[in-house]
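Open your viewer and keep the selection panel handy. This tour goes from one selection to the next and says what you will find at each stop.

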Amino acid sequence: MRKKRLIGRTAVFITSAIFAIAFLLPTVLTITNSFMTQSEIDANYGQVFQSANSGSTFISEQVNLKFIPDKVSLSQYVRVLFQSPEYLLKFWNSVILTVPIVILQVGVASIAAYGFTRWRGKVRAAIFFFYVILMLMPYQVTLVPNYLVSRWLGILNTRWAIILPGAFAPFSVFLLTKYMRRIPVSLIEAAKLDGAGEWQIFTKVCLPQCRAALYSIAILVFIDYWNMVEQPLILLADAEKQPLSVYLSQINVGEVGVAFAVATIYMIPTLLLFLHGEEYLVEGIAHQGSVKG
Amino acid sequence: MAQVVFENVKKVYEKGVVAVHDFNLEIHDKEFMVFVGPSGCGKSTTLRMVAGLETITQGNIYIGDRLVNNVLPKDRDISMVFQNYALFPHMTVYDNIAFSLKRRKMPKEEIKKRVLEAAEILDITELLKRKPKALSGGQRQRVAIGRSIVREPQVFLMDEPLSNLDAKLRNQMRTEIVKLRRRMDTTFIYVTHDQIEAMTLGDRIVVMDKGLIMQVGTPQQVYGSPANMFVAGFIGTPQMNFIDAQLLWENGRYKLMAAGEIFELPDVAQDKLSSESRQPGDVIMGIRPEHLIIGDSGFPASADVSELTGSTANVHALVEDREIVSVVPLTSAAGYSAPIPGSVIHLMPDMDMVHIFDKSTGENLLAGSHKVAMFDMPDVNRD
């Protein structure tokens, strides 16, 4: 019996390890390769991109996936950070699109979720149902209406065409509503009896208890919009305003060494955010999935 | 003055579910009133209507001289202790207690003074910097009470505050509440389903069932002279024994026949029944277990199990297929041998303490005629 359990556990461990390695490999490859010299990059990947440049999609058999650089070099980073300002400009575009979306979406979702939590009735149920339906739709379905509304509002080809739809995303509202409903009604009643008004109940009682959910939503939204491609491609025709996520796909062709460095830099904000809020993220998601308590 | 008056108060929930029917009650200033009853009897709903957490469908509620039907909870000058403590988990004990004072924009120094005073009363001074998750159940309950007393409200509302505690802690906290009451000297409304809490804490008890008041009275009145079978069965552990009986009229006196035996009723019962010209017929005889004495006379019963509780033994027996219980006090001087299961014993009711209930309405035909002051209770609850 004990032997069977040991075999089972070993099998689970090995399978998990294989999956973990498979998930980590591209990230590790990107980071380590970003420290290679241009000549080493060319030697490893040159064939692929020469073919791509000539219009062929042929990938050379000479591609050499190499994890450890022969010589550690910061030349790709120097080029990205000091010699080519367009990368930093795109990076800044990503920041000024993503940060307002995160702030606005968390703010709007908190208020909407509080409303859905505190007030009951048929109208609330109907609106919430609409939210859920909207959430279930793939983003591509709402992209056309977003385009039409943006054009009608005259904000097409401005950052607001991305930020405004981002601020009113239903998924965050849904998650936060589920989380807020876990707060015992007696806490809200106690606050009421203690003299708190609705705004104070929201800010002093409800929001502090949703810290984990707010943080996890902020991280998820950040990752989602930090990596967006379709929205800027359709709603921001002006290439100057497009974020790095769009630009990355373009520099992959031809400048693979730079692409590795840019991708590594691009990962840093997400990674820092994740590391800082890992505890909250796990707690927030676990609560929403009713894993806990 | 903080009396609480209910005038024809009714609560009807959606889909027509009536939680409280025509509730009329006057709770006196500085009185400790306990609402007791089984789950779903409407006691918490009534309390929540006083708090303003439930709307009133019909009737009026006054706190002091003020009609509060449409007054916001925060403006009713009340505080409430919840069953699950309702402590804010993200705040320290200090901030929890100070929350209501901060909302009222009280000066910081005054807040600090009041919080420290409350903490000292409840012996939680060393816990002020902790968060609720770092407290035991009993400590949380103290903090919840602290949050309530710091405001010095006109009326304290307590909704089953001890239900989440274990038996030992519950007994301890019950005593704390009695002491707190002596200090605060204000009006308390306390909701519980635990009759021991009701009996030990209340100046008066309201026994409720299905949204109706079954009886209002002092603990002694409710226990010694229950108004009906519901109250008789609900108050008291082990509960009152009920035996099918017949009320007889023989030679100008009422008698009671139960389990084949005829018992004389005392003069006080004779007077009560005569004054109401009660007709003979089928009734239910009620007798508390401690008033049923095992001896050589009385109705025969088949002994069943005996339970030792420490100071007493509960002897279960079958009388005409109905289980009844007799409580036998145990003293160190006299030993006690429990009857062998299946053996025949005789149970003699103390006829001065017998209750007779109308078979159809459940009403106690002798209500008010019993000697309810079984012992003189010094007024220890109040200074």
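Which residues of α8(A) meet which residues of α11(A)? Before you select them, keep in mind that this is a predicted model.

**Stop 1: a helix pair in chain A**

Select residues 170-180 of chain A for helix α8, and residues 211-226 of chain A for helix α11. On the α8(A) side, pick out Ser172(A), Leu175(A), Leu176(A) and Tyr179(A); they meet Ala213(A), Ile217(A) and Val221(A) in α11(A). Coloured by class, this contact shows six nonpolar residues, one polar residue and no charged ones.

Now draw the two helix axes. They come within 10 Å and cross at roughly 165°. An angle over 145 degrees counts as roughly antiparallel, and α8(A) and α11(A) are therefore roughly antiparallel to each other. As for handedness, α8(A) passes α11(A) in a right-handed crossing.

**Stop 2: chain A as a whole**

Zoom out and show chain A as a cartoon. You will see 14 helices and zero strands, so a secondary-structure colouring gives one helix after another from the N terminus on. Of the 293 residues in chain A, 32% are buried. If you like contact maps, take the contacts in chain A between residues at least 6 apart in sequence: 78% of them join residues at least 24 apart.

Next, give the domains separate colours. The domain assignment lists domain 1 as 2-73 and domain 2 as 84-288 of chain A. Their C-alpha centres lie 32 Å apart.

**Stop 3: two residues to label**

Label Val72(A), which lies in the loop between α2 (38-53) and α3 (75-83) of chain A. Is Val72(A) buried or exposed? A residue is exposed if 12 or fewer other C-beta atoms lie within 10 Å of its own. Val72(A) has 10 C-beta neighbours inside 10 Å and therefore counts as exposed. For a sense of scale, draw a distance from Val72(A) to Ile219(A): these residues are 147 positions apart along the chain, and their C-alpha atoms are separated by 32 Å.

Then move to Tyr77(A), found in helix α3 of chain A. With 17 other C-beta atoms within 10 Å, Tyr77(A) is partly exposed. A second distance, from Tyr77(A) to Val102(A), comes to 28 Å between C-alpha atoms, for residues 25 apart along the chain.

**Stop 4: where chain A touches chain B**

Show both chains and select the residues in contact between them. The selection holds 14 residues of chain A and 17 residues of chain B. On the chain A side, α9 (185-193) and α10 (198-209) each supply at least two residues. Which element gives the most to this side of chain A? Highlight α9(A), which gives six residues. By class, the chain A side divides into seven nonpolar, four polar and three charged residues.

**Stop 5: chain B as a whole**

Hide chain A and look at chain B, which has nine helices and 20 strands. Its C-alpha trace spans about 80 × 50 × 40 Å along its principal axes. Buried residues make up 41% of the 383 residues in chain B. Among contacts in chain B with a separation of 6 or more, 66% come from residues 24 or more positions apart.

Colour residues 4-229 of chain B as domain 1 and residues 231-358 as domain 2, following the domain assignment. Their C-alpha centres lie 38 Å apart. Where they touch, 10 residues of domain 1 of chain B are in contact with 11 residues of domain 2 of chain B. On the domain 1 side, β10 (212-217) and α7 (219-224) of chain B each give two or more residues. That side has seven nonpolar residues, three polar residues and no charged ones.

**Stop 6: a helix pair in chain B**

Finish with helix α4 (residues 137-149) and helix α5 (residues 167-184) of chain B, which pack at an angle of about 20° with their axes 11 Å apart. That makes α4(B) roughly parallel to α5(B). Here α4(B) passes α5(B) in a right-handed crossing.

Show side chains for Gly137(B), Gly138(B), Gln141(B), Ile145(B) and Ile149(B) in α4(B); their partners in α5(B) are Leu169(B), Met173(B), Leu180(B) and Met184(B). This contact divides into six nonpolar, three polar and no charged residues.

Key
Residues numbered from 1 in each chain as written. Chains lettered and ligands numbered in written order. Predicted model: local features only at pLDDT ≥ 70, side-chain atom pairs only at ≥ 80, totals over all residues. Domains from an automatic or database assignment. Contact = placed C-beta atoms within 7 Å. Helix = DSSP H or I, 4+ residues; strand = E, 2+ residues; numbered from the N terminus. Nonpolar A, V, L, I, M, F, W, Y, C, P; charged D, E, K, R; others polar. Axes fitted to C-alpha atoms, helices over the stretch in contact; angles between N-to-C directions. Parallel < 35°, antiparallel > 145°, perpendicular 65-115°, else oblique. Left-handed = near helix turned anticlockwise from the far one by under 90°. Buried ≥ 20, exposed ≤ 12 C-beta atoms within 10 Å, placed from the backbone.
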